[in-house]
Amino acid sequence: AAVGKGNYRHFMEKELHEHPAVLGDTLRQYLDPKTLEVRLPRLPFDPGRVPRLTISACGSAFLAGAVGRYWIEELARLPVDADVASELRYRNPPLQEGGAAILVSQSGETADTMAALRLLREGGQKVLSVVNVPESSMARESDGAVLTVAGPEIGVASTKAFTAQLAVMACLAIGFGRARRELTTLDEGRLTQALLEVPSHAAEILEKDAQIRELAAEVAKARDVLFLGRGSLTPIAFEGALKLKEISYIHAEGYAAGEMKHGPIALIDSNVPVIALCPSGPLFEKTASNLQEAAARGGRIMAFTDADGVGPLSRFAERVIELPKASAFAAPILYAIPVQLLAYHVAVLKGTDVDQPRNLAKSVTVE
Ligand code: AGP
């Protein structure tokens, strides 16, 4: 059946508002809310024994994989290589015997990701794909597939499929951590609990729409925009920049906040809004001090944080938007939503074709 826009102006807007439902559906598939345990489907490799993991994908799907790398290395102590599929396929990577790979894709039809899949399988890796379309080529050609339960995504800019990919990667990371005996039952319960709170936090974030629209009015005037994050929020900063470029045609870059001083800080002046993803937690102080350096050079800091971050950041930031207080583990899933909303509102203000941006296809089936 054809999917409609309902009462929304664009598919992207509708899909943004599906976040709480999609995240709930995806997490319920892989978490048991009663026992607080992860329930993974049968995997084509034993995560307890695999020596090394390769993660590959394109665009936003790659960025979901890149967050997965932070989680899997941290929680499962499993070494991960992550590379975009268009590079991996020609890089002739030395693949380890007994190794495994995770490929991420909404459509399951992306040509570069398919090529990486075949290369990895020919190189003896067991390939698990994280896909949204169960009957897709990637799902069929992989050794196993884990589904995101995002439903059809029509807008070219990925929204709910991206956060659903993150939710699956988070469940995999917990499952791998347990299989490798890096997590206690208590740890698993705490992490699972944090994920179970994500759908309601996502709904709270969607209620910040008016504040994000005000921020969008500022961002829409800019020629260049910088997105900063640290740790597992770094790929979300990249995602914010990708989304803004993709649908508003404003030049944007994502950077690891600590890397600013090695170059990009030269760009800072009062014309470049700096969108900071800065939840409270272990990396807060470090990120805040990177932001303060940018502010001291005339940079206009627009920060997303939680209740504990509002006070310290308000001392130098031009705008601070408070998001719900979540565990550091779940933060990348939640902070993806406001950057998508921001890109959406900027694109609407700019009058671009939000659902069908120029030069782009929903699924890139050519090389
Ligand atoms: C996301 O907003 C983009 N449209 C794009 O980067 C996309 O994520 C990429 O082309 C991968 O597509 P896939 O998930 O269908 O493989």
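**Exercise 1. Find the helix that holds L291 in this predicted model, and decide whether L291 is buried or exposed.**

Solution. Start with the location: L291 sits in helix α12, which spans residues 284-296. Next, count the neighbours: 23 other C-beta atoms lie within 10 Å of L291. The cut-off for a buried residue is 20 or more. So L291 is buried, given its 23 neighbours.

Now look at who those partners are. Skip the residues within four places in sequence, and L291 is in contact with L228, A257, A276, C278, I301 and A303. Take A257 from that list: it's 34 residues away from L291 in sequence, yet the two C-alpha atoms are 7.5 Å apart in space.

**Exercise 2. Do the same for L16: which helix is it in, and which residues does it touch?**

Solution. L16 belongs to helix α1, residues 11-17. It counts as buried because it has 24 C-beta neighbours inside 10 Å. Leave out anything up to four places away in sequence, and L16 touches T159, Q340, L341 and Y344. Pick Y344 and check the distance: along the chain it is 328 residues from L16, while their C-alpha atoms are separated by 9.1 Å.

**Exercise 3. Work out which residues of helix α10 are buried, and where they sit around the axis.**

Solution. First, list the buried ones in α10 (residues 209-219): I212, L215, A216 and V219. They share one side of the helix, because they cover an arc of only 110 degrees around the axis. Then turn to the other side of α10, where you'll find A210 and A217 exposed.

What do the buried residues of α10 pack against? Four strands and a helix are on the list: β8 (224-229), β10 (273-277), β11 (300-305), β12 (319-322) and α14 (331-350).

**Exercise 4. Describe how strand β3 is covered, and name the strands it is bridged to.**

Solution. Begin with burial: 5 of the 5 residues in β3 (residues 53-57) are buried. Split them by face, and you get L53, I55 and A57 on one side, with T54 and S56 on the other; both faces are covered.

Now for the bridges. β3 runs parallel to β4 (residues 80-84), and 5 bridges join the two. In that pairing, A57 has V84 as its bridge partner, and S56 stands opposite D83. β3 also runs parallel to β5 (residues 100-105), this time with 4 bridges. Here T54 is partnered with A101.

One last step: add helix α3 to the picture. Together, β3, α3 and β4 form a right-handed β-α-β unit.

**Exercise 5. Explore the ligand's surroundings: how many residues surround it, and which helix gives the most to the shell?**

Solution. The ligand is surrounded by 15 residues, and the closest are G59, S105, Q106, S107 and T110. Sort the shell by class and you get 5 nonpolar, 9 polar and 1 charged residues. The top contributor is helix α3 (residues 59-76), which supplies 3 residues. You've already met α3 as part of the right-handed unit with β3 and β4.

Methods. Residues are numbered from 1 along each chain as its sequence is written. This is a predicted model: local features need pLDDT of at least 70, side-chain atom pairs count only at pLDDT 80 or more; totals for chains, interfaces and linings use all residues. A residue is buried if 20 or more other C-beta atoms lie within 10 Å of its own, exposed if 12 or fewer, and partly exposed in between; C-beta atoms are placed from the backbone. The arc is that of the directions from the helix axis to the C-beta atoms. Two residues are in contact if their C-beta atoms, placed from the backbone, lie within 7 Å. A residue is near a molecule or strand if its C-beta atom, placed from the backbone, lies within 6 Å of it. Ala, Val, Leu, Ile, Met, Phe, Trp, Tyr, Cys and Pro count as nonpolar, Asp, Glu, Lys and Arg as charged, and the others, Gly among them, as polar. Two strands pair if DSSP finds at least two bridges between them. A crossover is right-handed if, with the strands pointing away from the viewer, the path from the first strand over the helix to the second runs clockwise.
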